[in-house]
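I set out to record how one helix sits against its surroundings, and to look up one backbone oddity in a loop. The entries below follow the order in which I checked them.

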Amino acid sequence: MITIMLACNAGMSTSMLVNKMINAAKTKFPDKEIMIFAVPTASVDKEVDDKQIDVILLGPQVKFLLNEFREKYEAKGIKVDVINMQDYGLMKGDNVLSSALELLGTSF
């Protein structure tokens, strides 16, 4: 199972993107278990403590947190990056999913 967590200011705008990513995952990888969810940045610590997270993708509006999150979470084996602004704005769930899987070095 791969777990991808999106983080933004309130977790709201990324919720739509999560749905698109889930649909892309079901279409492209119907036999793989990929969990995708969104949270506000304030909840990231709790989620990391509670779940086995493989990738954290930050919304473009919180990209200023990238270095802090990398320092904090990559030491725990979690890949961290910022969602491409164009993919985010156009809600291209398939592209964002591909980016997350590339971070893990897998495309199945």
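Where is Met91 found? I located Met91 in the loop between H4 and H5. The model I am reading is predicted.

I looked up the backbone of Met91 and noted a positive phi of about 55 degrees, although Met91 is not a glycine. I then checked its accessibility: Met91 has a relative accessible area of 17%, and because buried means under 20%, I entered Met91 as buried.

I turned next to helix H1, residues 13-28. For its 16 residues at 1.5 Å a residue I expected a span of 22 Å, and the end C-alpha atoms lie 24 Å apart, which agrees.

I listed the buried residues of H1 as Thr14, Leu17, Val18, Met21, Ala24 and Ala25. They cover an arc of only 125 degrees around the axis, which puts them on the same side of H1. An α-helix has 3.6 residues a turn, so residues three or four places apart point the same way. On the other side of H1, I found Met16, Lys26 and Thr27 exposed.

I asked what the buried residues of H1 pack against. I found strand E1 (2-8), strand E2 (34-40), helix H4 (85-89) and helix H5 (93-103).

For the pair H1 and H5, I noted that the axes come within 8 Å and cross at roughly 75 degrees. That makes H1 roughly perpendicular to H5. H1 makes this contact through Leu17, Lys20, Met21, Ala24, Ala25 and Lys28, and H5 through Gly93, Asp94, Val96, Leu97 and Ser98. By class, I recorded six nonpolar, two polar and three charged residues in the contact of H1 with H5.

How values were computed
Residues numbered from 1 in each chain as written. Predicted model: local features only at pLDDT ≥ 70, side-chain atom pairs only at ≥ 80, totals over all residues. Heavy atoms only, no water. Helix = DSSP H or I, 4+ residues; strand = E, 2+ residues; numbered from the N terminus. Expected span 1.5 Å × (residues − 1). Buried < 20%, exposed > 50% of the residue type's maximum accessible area, 1.4 Å probe, protein only. Arc of directions from axis to C-beta. Contact = heavy atoms within 4.5 Å. Axes fitted to C-alpha atoms, helices over the stretch in contact; angles between N-to-C directions. Parallel < 35°, antiparallel > 145°, perpendicular 65-115°, else oblique. Nonpolar A, V, L, I, M, F, W, Y, C, P; charged D, E, K, R; others polar.
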